[in-house]
Amino acid sequence: MIAWVRANLFPGWISGVVTILLGATILYIGWGFVSWAIVNAHWTVPLTPQGPDTGLCRDTHAVAACWAVMPEKFRFILFGRYPYDQQWRPAFAILLFVALYILSGLRRFWRRGLIGIWIAALLAIGLLMWGGLPGLPFVAQDECGGLPITLILSTFGIAGAFPRAVLVALGRRATALPAVRLLCVVYVELIRGVPLVALLFMASVMFPLFLPDGVSIDKLLRAQVAIILFAAAYLAEVIRGGLQALPPGQFEAADALGLSYWRKTRLIVLPQALRLVIPPLVNTFTGLFKDTSLVLIIGILDLLTAGKVAIADPLWQPFGEEIYLVLGAIYFAFCYAMTRYSRGLERADPQRGGR
Amino acid sequence: MRALMAAMMMLLPTLAWAQGSGSPTLDAVKSRGQLVCGIAGNIPGFSLPDSQGVMRGLDADGCRAVAAVALGDASKVRFSPLTTTNRFTALQSGEVDILIRDTTWTLGREAGLGLLFAGVNYYDGTGFMVKKSAGVTSAKDLDGATICVQPGTSTELAIADYFRNNKMSFKPVEIQDLQEIRGAFTAGRCDAYSTDGSQLAGYKFSLGSQAGDYIILPEIISKEPLGPVVRKGDDKWFDLVRWTGFAQLAAEELGITSKTIDNDLKSTNPEVRRLLGVEGDLGTQLGVAKDFAVPLIKQVGNYGEVWDRDITPMGVSRGLNNLWTKGGLQYAPPLR
Amino acid sequence: MERDHGRWHLVLRTARTRAIVWQTLILASLALIAWYLAHTTVHNLAERHIATGFGFLSQTAPIPIGESLIDYAPSVSTYARALLVGFLNTLKVSLIGIALATILGVIVGIAQLSPNWLAAKLSAAYVEIVRDTPPLLQLLLWYGLLQALPAARQAWHPLPFTALSNRGLMLPVPHDGTAALHVFLAFLLGAVALTLYAKTRGGRLTIPAIACLIGLPALVWLAQGAPIAWDVPVLRGFNFQGGITVTPEFAALLVGLVIYTAAYIAEIVRSGIQAVPKGQTEAAAALGLRRGAVLRLVVLPQALRVIIPPLTSEYLNLAKNSSLAVAIGYQDLVSVADTTLNQTGQSIETIAIVMAVFLAISLSISLAMNIYNARMQLVTR
């Protein structure tokens, strides 16, 4: 044990000093945080006839966290303005999403049938959230919010972007069609050069001008279209990397067999290329999942926005830090799981020289 | 897909012609069976959901009034929360039928944005709120202060003019999100928070026990007439919205309330009889039923009742918003 | 001779003809969609009485702007100037952010490979946590923390003539700005000359060299009339007057962007260093070089080749993420454009300007990095 400490924490003179400094800082900040968040924290507030009494919580906020805000507000943060008695539906939708992610991650499901599973799952989630069937009353777009919206925007985003990305990636490599190649290059460079915020503004403000009178598309759908356009550009680059990594022998062999362009692509090229790029694909999805938080700026009630609106209530207004920490933990849970998964894939892939 | 849209586009005008009300917006509302109303959703006294999720406030009741007149049922409203930056584009694009969102009537907005203001439901003005501990008693003491204001509002223009006029300077902090800007003010990032006086009153009221730490400065530095907004190009809809407001004022002038309306239907006063549709055809001229005012007053109330329900609990007196007979500016042209 | 009418049939079936046909079809349908969209848009704009054209740029802008690098006065300056102020604010935070993020990223990247267990684990945890939470959330958290600083009247004074409060960090600045700029430029010139001189002479600092470094700026300063007046921030009324202010909005955005981007740069640096064959490190150690020297002289120059391309996209991401400023009230280009869009109603023109500017920024950063990359390439036969 001592030998380990000696070797790892104090290998050298300077290193030893660094260890002491880092250690002291961690202990100081760590103890401060722990005492704020756990030791001194208030877990409940007294309930008066006028509602919860947050006075003590407020006065001691500098030294004590007020976790009582969570049981009060977690339903709003998770589900937005969804009708109270129907909230089992978004909860179930969240479980369906998680199941879909886990299923897609298992290697034995990497077959053509996976596309069918995705379509079925997304349809089921759509029906569940919006209803309109007997037994499932209709819930308007404006009332959906919270975690399901984040999941919907990112998942439908990547699902919608995927076919377009494949087409654009293929188009970019089509040497026989220079006009198509130019278009694909322009599209990818244009979208990658502008921030997502600008695209969201364009969607929320300019799209309605492009449509004829009487046709209007919902705010959420507009944001979804913008996210699909955005994701397709980045995904196209990832897929193009996979196409480039494929040994040219594969293409030549397919041509020698007399396969047409589309059959070659569908049967030989794409399955291999996509399998190569699954880790960067998962990373792109992780990035998209985080980027959906930007819809705060155009007023859509996703997880982050719901958190902010929750503390609009004057009673709970000072407790922003607690809410942000919980939101951060939720995002972290999803994203960390995805990055661990992609790293595990990379390591285990025999083609990359993994064990 | 495009063929379908083109076919739809060709059918829509025929549908409107077939219905014959002459107002595409009113026809859309009737066929939908619901009024889509743009509000803020976070301003106490104007549009804020209560603990059951029901939208309460002066603007919300304004939406209900239009729904009562257009559809006969004040509950057939879908509220669409909008921010200061997307409120106008939502109205221009047709996403909402009407915008009642604490919006100030200005020339720039009417002439430059293709919108029309259908009356004034609240005569307001820009004010300042400061912490009592700052020791400031007048807006003229605010030279060099940092002021929190939302971008894209007429408030930021008003305070820029005021400070320029009085040869004072200020540092702006402009954050779009309402909660974020109020948080910055209470945290002490700014010395003063500036917005419409009505919003300041509502905010102070919502602070509950902490309200005593803040004061609203006496100066009102600009005129901010707030009212419902509709798109240009639909005159009949504009008439309907505007005269809904006037009908509520006329009802208050004539002493008709939601409680007395059943008796007033039997009144012999010709003005009362015309307003309530017992005589004349005011309603049909607007494209709605003759007795359009009856569900309006019964389900929503006259202007005074709406004020007492939404604004009086915040401790704001009628002031400029009183009837012209009582020294205020609210004046309804004759309904005849 | 046979009639050649069969040849046309063959021409139509060649790959080239097919390619031309396909491309014409695709281009034609895209053109049709574009025409349709344009037609509908023009019709909608006319119907809603929304003005078009870029004329609004010469109208006066009544919007107040909190911090700007150039002169700006609301209702006196034009919208064009307001957008320029926003653009300069974006550049300011992007350039400083890129510099700081690179420094922090390299430090953390190297720390992850350090034999010191604490340093390695700590940097790994930092990278993991920062990369798995949304940047907007981090930004709001930093802004909230900065608001916990004391009020102006109870400001801290970490150094004489400075002040730290929830209004920002106030720093003193020389009163005569142009003179100070000249002195600073002279100092830079001297430093550059010194470096070039040292390279040619084998890196020894001689007395004349140091004299050059100090003497040149001193001469310039004397030539300007030896100004010594400083603008010191003094609390007057509500705020500090004088000196320059680093606002909490700018600080929160900078800190948020630097910490977020540095985590990604650390990963890039780490994988770049790990991509250098282990044999290089072993050979250098066999030559007797210490760890620091190995890193500096052998590993990093080779790692740079692998690091530079992904580094370019990280710099671009930082410049694009600066648009998050709109959520915390730092008036960058997107924020000013948003307000302009609102007050004038001309959404298409404003958004087109924003996108054009960002494309220009992206292209310039890409170009600069490509030139640097080309110079660093391995010269192969």
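Start by selecting chain B and colouring its charged residues: the mean positions of its 34 positive and 36 negative charges are 2 Å apart. Keep in mind as you go that this is a predicted model.

**Stop 1: the whole of chain B**

Stay with chain B and switch to a cartoon view. Its secondary structure comes to 14 helices and 14 strands. The radius of gyration of chain B is 21 Å, close to the 20 Å that the globule rule gives for 336 residues, so chain B is as compact as a globular protein of that length. If you draw a box along the principal axes, the C-alpha atoms of chain B fill roughly 60 × 60 × 40 Å.

Now turn on the surface. About 13,300 Å² of chain B is accessible, and carbon and sulfur atoms account for 56% of that. How many of the 336 residues of chain B, as a percentage, count as buried? The figure is 58%. Look at the contacts too: among those in chain B between residues at least 6 apart in sequence, 71% join residues at least 24 apart.

**Stop 2: the domains of chain A**

Next, select residues 4–39 of chain A, which make up domain 1, and give another colour to domain 2, residues 83–353. Taken over C-alpha atoms, the centres of these two domains of chain A are separated by 40 Å.

**Stop 3: a helix in chain A**

Zoom in on residues 303–310 of chain A, which form helix H14. Is this helix largely enclosed or not? Of its 8 residues, 7 are buried, so H14 of chain A is largely enclosed by the rest of the structure. Among the buried ones you can click on are Leu303(A), Leu304(A), Gly307(A) and Ala310(A).

What do the buried residues of H14(A) pack against? Within chain A, show helix H4 (69–79), helix H7 (147–172) and helix H15 (320–348). Then add helix H7 (178–187) of chain B and helix H5 (135–146) of chain C, as they are packing partners too.

**Stop 4: the domains of chain C**

Move to chain C and colour domain 1 (2–47) and domain 2 (79–172 + 232–380). The C-alpha centres of these two domains of chain C lie 46 Å apart.

**Stop 5: Met170 of chain C**

Finally, select Met170(C), which sits in strand S2 (residues 168–171) of chain C. Its relative accessibility is 3%, so Met170(C) counts as buried. Show the side chains around Met170(C): leaving out residues up to four places away in sequence, Met170(C) touches Phe161(C), Thr162(C), Ala163(C), Pro233(C), Phe240(C), Ile244(C) and Thr245(C). For a last distance, go from Met170(C) to Met369(C): they are 199 residues apart in sequence and 35 Å apart in space, C-alpha to C-alpha.

Definitions and conventions: Residues numbered from 1 in each chain as written. Chains lettered and ligands numbered in written order. Predicted model: local features only at pLDDT ≥ 70, side-chain atom pairs only at ≥ 80, totals over all residues. Heavy atoms only, no water. Domains from an automatic or database assignment. Helix = DSSP H or I, 4+ residues; strand = E, 2+ residues; numbered from the N terminus. Rg over C-alpha atoms; globule rule 2.2 N^0.38 Å. Buried < 20%, exposed > 50% of the residue type's maximum accessible area, 1.4 Å probe, protein only. Contact = heavy atoms within 4.5 Å. Areas by Shrake-Rupley, 256 points an atom, 1.4 Å probe, with all protein chains shown as cover. Lys, Arg positive; Asp, Glu negative; His and termini not counted. Charge placed at Lys NZ, Arg CZ, Asp CG, Glu CD.
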